[in-house]
Structures are given as C-alpha cells and as structure tokens.
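The exercises below concern a strand and its neighbours, and then a contact between two chains. Please work through each task with the structure open before reading its solution.

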Amino acid sequence: MLSDEEKQRYSRQMLIPGWDQERLKQATVLIVGLGGLGCASTLYLAAAGIGRLRLCDGDTVGRSDLNRQTLYSESSIGLFKVDEAGRRIARLNPSIVVEKFKVFVDSQNAGKLAEGCQVIVDGLDNLESRFVLNKESFRQRIPFVYGAVHGWLGYAGVFYAPQTACLACLMHPDIVSRDRVPVAGITPGLIGLIQASEVIKWILGRDTSLLGRLLIYDGTDLSFEIISVGKNPACPVCARA
Amino acid sequence: MANGLAGKTLRIDLARGDIRSFPTDEGLYRHWHGGRGITAKILYDEVPRDADPLGPENILIVNAGIMSGCFIPAGSKVEFGSVSPLTNGPGDSNMGGHLGPALKFAGYDMIIFEDLSRRPVFLFVDNQTVELRDATKYWGMKSLDCEKKLKEDLGEDFEIATIGPAGENGILFSCITHDFGRQAGRTGQGAVMGSKKLKAIAVRGNKSIHVRNLDSLTKQVTEIILRTKKHPNMVPWQKYGTAFFIQWSNTNACIPAYNFQTTFYEDIDRIDGDQLVEKCLITHKACFGCWMNCGKYTKAVIPGKPEVHLEGPEYETGSLCGSNLGMKDINHVAYINWLLDNLGMDSMSGGGVIAFAMECFERGLISEADLEGHSLKWGSVDDVEHFLDMVAHKRGIGEWFAGGSKRAAAKIGRGSEKFAMQVKGQEMSGYDGRWAPGMLLSYMTADIGAHHNRSWTITVDMAEGRDTVEGRAKIVVYLQHIRPLFDTWCICRLFWGELDITPEEIVESLNHITGWGVSVAEVLRTSEMIWNLNRCHYIERNRDNGRSFDYPPARAWEDKIPSGPGTGKGLSLAQIDRMLDEYYAARGWDEKGNPTRELLEDLGLGYAADRLAKAGFLGRSIPGGIPPVRGEKYKPKAF
Amino acid sequence: MIIFLKAGGELRTKLNPDVDYYTRRVETERGQTLRDILTGIGINPAFVAFAYKDDKVVRLDHVPVDGDVITLQPPVSGG
Amino acid sequence: MRIKVNRDKCTGCRLCLQICAIEHFNEINPKKAALRIEAKFPDPGKYRPFVCTLCGKCAEVCPEEAISRADSGAYIVDRDKCTNCGVCVPPCPVGVVFQHPDHDYVIICDFCMLCTELCNTGAIVKWEKAASLEAKGV
C-alpha cells in the first residue's frame, strides 16, 4: 500500500495511463557500475520510486568523474561511490531501500548480485564485465538493460534471452575495447535516462521499446537510430538449436 | 520484414497482466517453420515436464504460422499449442476461418499466454492496442453466443475465438471456437484456455503482410486457382464439403457405427451429404483465401426444439455424431454438432465419448439412475442433450466422462477399456481401422493420439490392399512428415490431396513468401524434427517406453467387423505388433519405440537425445544403424 | 560490384570516407564476406563491434550484394 | 461495364479483397481493397459482397473534383488532388469508398475485374451485357 506522502510524491506520474506505482514500489533493480550511466539511471529510478535499488561498484570517486557522475560532488572525492550514491538517494527519496555492494562484478559474485532482481541495469565501463552480466541475465532470465558510451556516441538496448537476442549475439566477446575512453559528460546522462525509462516500462509490464533492439545515438549530428538485433544462431551464450 | 512474418511476438503474463511484444525470432522460424513446429519447440523448451497441463506452468501458444494470411490457397489457419490435458503430451490443434490472418494483419505472428489469470479476461488486439479486458460478463456464456455478443460489443470486423462452458469447467476435450463454427478441437486446447480464465481472443488489424517476392507469388497462386477451378473434384467439394465422404466411407466399410462396433450403417442415406445439402444447408462458407468453400453453414430443425444455426456437420462430426451414435436424421446429427460447438466441446472427441457412454448404457455399465433418470439409447437426441449437459457441468457421472473416454473407462472398469475408442487419451477420428491397417497404425502412432490428420492413410489402404499390413509403415511415416507440414505453415491441407496440387508447388510458394529457397527434402526433414521432438517430449512427460502408449483399445484386434461389406474382417494383435515393429524400424527408433541418439543427432536434436537419456528412455542404438531416409515417398490418389 | 560502407564514432577516421563524412564507396568482387572486404581495405575486423544493413544487424560472415549500404559500429565500452 | 453480384453465392473467402489490394497497392492487405464483404452470422447466416455500382455519388460530392469518370466508365481517384477529407465516404449507397491510414487518398474500384476472375462461386462476375448496353449509350 502506498502512503499518503508517496501518493503525493508520485501524483504526477500516476496520472499516466497504465501506470502502477505499487509495482515500482515492489520492484528490485540491480544497477552495476555507478559511473556516468549509473548515476543518471539511479537518480531517476530513485525519484520514480523503485522500491529497492541494489547498487554495486567497488570504486571511489575521483575528480575526473565529476564531469558526468552527477550523484557526487567535490566533497565526495576519495569516498566510495555506493556510499555517496546512497547518501544522495536518502536525501532525494527516503522511502527507497538501498542495498550497497562495494565490489566489482565478476563471474563469481554476479549470480548473488542478480538474484531476486526484476531488471539488471548496465552502468559499467568495460566490456568484460558486461558480458559477465549478460550471461547472468540469460541464466536467471532477468532482462539486461544495456548502455554504453564513447565520446559523443552511445548505445542502449534491452536484452532478454532467449526471447530476444543477447549482448553476445550483437558483438562477440573477444572484440577489442579500451579503458579510459573519452566521454562527453552528457552522453552517459542521456543514455542512462533512456535505460531508466526502459526499466520503468518493463516493471510496469508495458511494451519495452528497445526489447531485442539497439538504439545508436550520435551526439555529433544528434542522430538516433534503432536497429533490430536478431538472435545469433551461433551465439556462445544464448543459442538455442 | 519482407518474409511473410508480421514481425512481433506477444508474451502475455496473465497472472501479472504483463503484455510485452518481442521482435519475432526469425531464426526460430527458419528452423521450425512456425505453426506446429514453433509450438512443439517452445513447449519442449519452456514447459517443465512435471507441469500440470491445467496449471500455471503450462503455456498457451497462438501461432499464425509463416504462410497464413499471405496470398496463398487457404492460407487461413491458426495453430494453438499447449501441453494437452487430454494426452498429457505436447498438444496442438489448428483451425481455419480468419483469425490467423487477422493476427498477422494486426502485426503479430504469435501470442504466448503464460500463467493463470485470477479473474476472467479476454484479449483485445486492435493493431498496436493490446489489452486484457475484464470478461466477467461473458464468463459462462456458450461459445457461439459469446462470439455473437463480442461482435456486437466490439464490432463486426473483429475476428474472435472463444471457449464455452466446457472449457471454463475444465472438460478435457474442450475446443476453441471461431467464426461461428471453426474449431481448434483436438487435444483440449479449450480446457487450457479455460484454466487460464481466458474467455476469448478478439483481433482486428489493417496492416499489410510483406512477402519476399509478391509478383511471382501472385502469378503462381493465380495460376493454381484458375487451373484447379476446373478440377473434377471441385464440384463435389464445393457442394458437399467433406460430408461427401460419408457415403463413400460406408460403401468402403470404414465408417464407425455404434461406437466402432461395426463399419456399416444401414441408415446412411438419412445422414449423408445429400441430406445435409437438401435439409440443412443455409450457405457455403469458406476460410480466408480458400476457393474450395468446403464449409457448410447449416440449420438444424427438430420439432419441439429451437431452430439452431451451426457450421457442419462435416465428415468427422457427421460420422462420429451420426452413424457412430446411430442417429437416424441429419437434423439430429446437426443438432448434436451444435450442442457440442456451443458448449465448447470437440465434436470428434465428443462424438466418441457419447458413443462410448451409449455402449456402456447398452451393456448396463451405467444405468438410468446414473443419468439422472434419463436413458442413453442409440439414436436418441434428447438423451444426448441431457448427457452432454451433465458432462459440461461435471454433474454426477458427467465428471467421469469430462476426462474423455479413457479416463471414464478407468472409472467404470468392468472391461469398458476394451471399447473406449481412443489412443493416448484422445478419441479416434471417423474411420475404423480394423480393415484399414494403415489408418489404425496412424492412430496408434500419431503424436497427439488417435487423430486422422497426421496421416490420412485410409485411401492408401484401399489402394495397397486392406488385408495386408506389410509395407504400410514406411508410407505412414512419409505421410506423417508431409501432412503435418500444412499445420506447420498454417495453411489448409485439403486442397493438396483433392486438387492435385503438388508439394513442390507449395514449397515454391513458401520460397516466394520467405525467400528461404528450401527444397521439399528440407521441409520434410523439418517435419521429421518436429515429429521426433514431440515424441521425446511425450516420453519424457509420461515416463515410459514409447511403445507402451502406442496400442489401440482391444476392440481393434479382439472383435471382427460383424456386418456390411467388411464382415469378418479384422486384425490380430500379432499383426498390430508387426506394424509397430516395422514402423519403429522405419523411423529409426528402437523396438521399444524410443528414438535413438543416432537419429536425433542426425536431425540436429542432440540436446533432445541427452534429455531423453537422462530420463532413461533413449532408444538402444540399432544394429546396422538408422535408415538413411525415413519414410517412402507416396502419392495418395485423389478422388 | 560496388558497396557503400558507413561508420560510426571512431571508426570513421579508420574508414577514411570519400562519398561523404561517413561513407566510403568500396569496389569488391562478388561472394566476399564482410570480413574479407574489411581486411581488404585495411580495417581490422576486431575493431568492428557489429555491422548493420537496412536496420538489421548482419554478422561479419555476411556476403553483401551489389549496392548494399552497410554501417560499421565500433566497440563502445565507456560508462 | 458492371460487376454483377450474386449475393447468395458468396462464401466469404476474401480472395477478391486480397487480389484487389495486391493489384493496386502491391501489398497483401484486404483492408486496402475497393470492395467489401458483409458477413451476417449466426443469423441469418449469409455473406454479401458489395462492389461499386457506378452511381457517381462520390464524384458529385467531392469538393476537390478529384474523382472523375474515365472512358472505361469507372470512377478514378486523382491521388494528387484527393485530400482524403472523407466527404465521399458516407454518401456511397453500398459503402465501398474506403480510407486507409497508410494512404492520403480514398480507395475506389477501378473495375480492373481481377476479383471477378478469381471468384470461384460466381458471387461477383463481369456483367458483359451491361457493358454492351453502355457502349450503345443505353
């Protein structure tokens, strides 16, 4: 049951047809990585009233993060991201339960992290861990809301194998990627919010526009392109004969 | 998506009310061809082996296939698939009409219903608008009445599928009804729909279906239609529909009479095609895109009863609810057909169950006391009406028969199993197999129980000699591969045999639509994959060797045909065993009727072999290996 | 035959487009897979995360036909 | 030139609708056909096709003068002039002026006669007699 405060807090979004605040309240969402993407999605998912946010990041805030990681401020530098994020959310929306995990996701802990979540949100900064999460999403049949950025370029998609393709259908795990990528701060913000809206639609049981598809956003010419990602019959993760 | 697909797949969680649309998995279609193929694969993958068919873990799949709705002769079918409560194996049933095409015109290839709804709902699909709407006011309505009401409420141009009281009450041979007389009747799909509290599906769409090569498709199909207009079979077909075969079947001693006691019906002239056309016909009725209009929309007029409108009775219902019940007037047959349709029961299984009950009554195994003071005599339409009411509402012994004749026989006992005319729990179609060994073998081995459509071997028996069983197995296997393909593509099967349209032609259309460029050999392989996957699924669920499920009731070998042209004919258990041995060998299964690893791996079903092995029923590999080609090409003669 | 390659993000520079800012016109013989074509023009397939043709992802073993327009996308790993 | 309708012969197979849309829009979509079939079930249990009767009401009411009678006798819609305002839809006595969301013009039968060629029951047939009469200006 929603309290009167909650009814008030969410009154504007509850005007939307098909909106079910109760479902958001009951939902648990795992957000892995609290960088530019994670900050954006976390902030708005908390504001929207997702009952339980499971935050996972083993990193501390550095000055170079502040151009895009909007949950933190100068005073956060050197502190753990999950703690700072938790503090910020508590101020924004006290009714949200935050579970903190000061770890980097790997094949060992992924299973436990994802357990009992309705959605996995990708806020990572490297491909390897993304593929770990992708595998887990397939194993536990939890949708994986993928997002990634590079400079002005950003991708977002929702993978729910075997019903749709998975990340490994889209790109092979052994492609070359690099760390310390250039990032225009707004790109992860934008992609992160697109992820957040897909998460909310999924939890509401509405049509999730990016299911099995990929949004390619290019800030240089502000182009949004949505392509469909077919299942790869030879996918190392989700292929079904 | 220019390949005949609409592009979207709906998954609907009835418990949570979630409605999600996914891009249709083209790879899956390429592999399994949609329709029966996709349902078989999804059921195999997604339904736990211990799941109760009427429980939350079973799913109901509505699939419009790859060719349905495309400009192709009788591209009208829609396939329903779920684990069957009747056979407790993978079940599928399809129907013509206009629902399948409508689904694709609305933009969806498939709808998958998961879990159980708490309150009665119906699915409303109007292009992109997809809603689960409250169906409380429709719950309890009879099938045809409900469709009428929904059309009034939503609009004439909605295509609607409903279930009746039988489906709601979990009668295991319930059907799904559409277009006031098209039924997906077999394997109790209606019961599954009812268990999910899904009263109806209403679809409307105005989108286009895009195919790979419309010009060549149009050219080819137009040519086929114009050519076949002059085919000699077109005339009887358009005039009588399948009811045409009732006389033929009686003359050839394969029509079931008095619950399959004999194969000759003395009053055939009162229930045959001529009677139907003369006394009952209102209008001819065709499915989407079919120029053969075998559907007969009719009325049943019985003094003292309201005049009722229905579609049929076609051959199966005409025989199973006609001669098989000793009915003496076509109006009575039609009326029983209407009763079953409106209650939402399969008129084939229904006919079988009534006949079984009638014989039980004749033999004193059930009494008037059991029947609330009514009798249940051959040819009495009032008795049938009352009996069906008891069954549909599970009143008294009605509950026994609500599970079909197999379960009823288990309750009644006292030797009644012998004449419960079913295999795997599903009642037989309208052909007696005692002097048609191939047909009997088809019943025994069909994946969904005693159903004729998997391989309609009756004409083969006529042509190849009805007294011999040798060599029949290979042909049955071939037909079991080619006939179900039509269910896989979701087009009608009837024009193939009847109008001499070759499989090559149909595969050519398939390629025009999909651009796959497949050959007949390839599609036959796909069909064999489906067949074996279903076999594995069935064995895993029922946890016994395949052979133990493949025997007909004892009447098939203990009783000889007592009257008519087939007098004295019949099969011995030895002959039946021989056919089974031949059949398993022809399929590459072991003598226990279990698929072997060699075969499954040859078909790219290694994972099924592993699962079957884990269940402990993988066939022992055959000395000398599996036959390189399973089944033997055969061209059934048209009439 | 002629096909047109487009590229997003960093790949654009590697592709050195000639038709316009994104697009390069490539002359190849029939039957070559996308992978062959890329290696042919000196792009290491390992730097291509995925490619797509009329809004559908195509694999690197896809064999283009005359006039195809195929867009290459780089791996994007930042967050 | 006319299309004769033998209403009792229609079996509701919709082949006519399919070929019509294929011919004029190169798409499989009965909702883009220039004729319609009315199904009255369960009572009385009849199909009835409706095709253009060449009455010309659509042309009369068209504010853009986008509908004009061609030499063939058929009323042809000028797809550029037509604004899809829909004024011509209600006046049609048999309801065979159609609008479809994909198109910004109305759909009216141009008497290509393909439907009559496919129909296998004689529900809709070419009416030669009328054609000759019209030639005589009767």
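**Exercise 1.** In this predicted model, determine which residue of the hairpin of β5(A) and β6(A) takes a positive phi, and how the two strands pair.

*Solution.* Begin at the turn, where two residues lie between the strands and G151(A) takes a positive phi near 60 degrees. Then follow the strands away from the turn: β5(A), residues 144–150, and β6(A), residues 153–159, pair in the antiparallel sense over seven bridges. Within this pairing, F144(A) stands opposite F159(A) of β6(A).

**Exercise 2.** Identify the strand that pairs with β5(A) in the parallel sense, and decide whether the faces of β5(A) are covered or open.

*Solution.* The parallel partner is β4(A), residues 119–122, which is joined to β5(A) over two bridges, and V121(A) has V145(A) as its bridge partner. Adding helix α6(A), residues 127–140, to these two strands gives a right-handed β-α-β unit. For the faces, take a residue as buried if 20 or more other C-beta atoms lie within 10 Å of its own. By this criterion F144(A), Y146(A), A148(A) and H150(A) are buried on one side, while V145(A), G147(A) and V149(A) are buried on the other, and both faces are therefore covered. Seven of the seven residues of the strand are buried.

**Exercise 3.** Describe the contact between chain D and chain B from the side of chain D.

*Solution.* Counting first, 23 residues of chain D are in contact with 29 residues of chain B. On the chain D side, α1 (15–25) and β3 (46–50) each supply at least two residues, and α1(D) gives the most, with three. Classified by residue type, this side has nine nonpolar, nine polar and five charged residues.

Definitions and conventions. Residues numbered from 1 in each chain as written. Chains lettered and ligands numbered in written order. Predicted model: local features only at pLDDT ≥ 70, side-chain atom pairs only at ≥ 80, totals over all residues. Buried ≥ 20, exposed ≤ 12 C-beta atoms within 10 Å, placed from the backbone. Helix = DSSP H or I, 4+ residues; strand = E, 2+ residues; numbered from the N terminus. Pairing = 2+ DSSP bridges. Right-handed = clockwise from strand over helix to strand, strands pointing away. Contact = placed C-beta atoms within 7 Å. Nonpolar A, V, L, I, M, F, W, Y, C, P; charged D, E, K, R; others polar.
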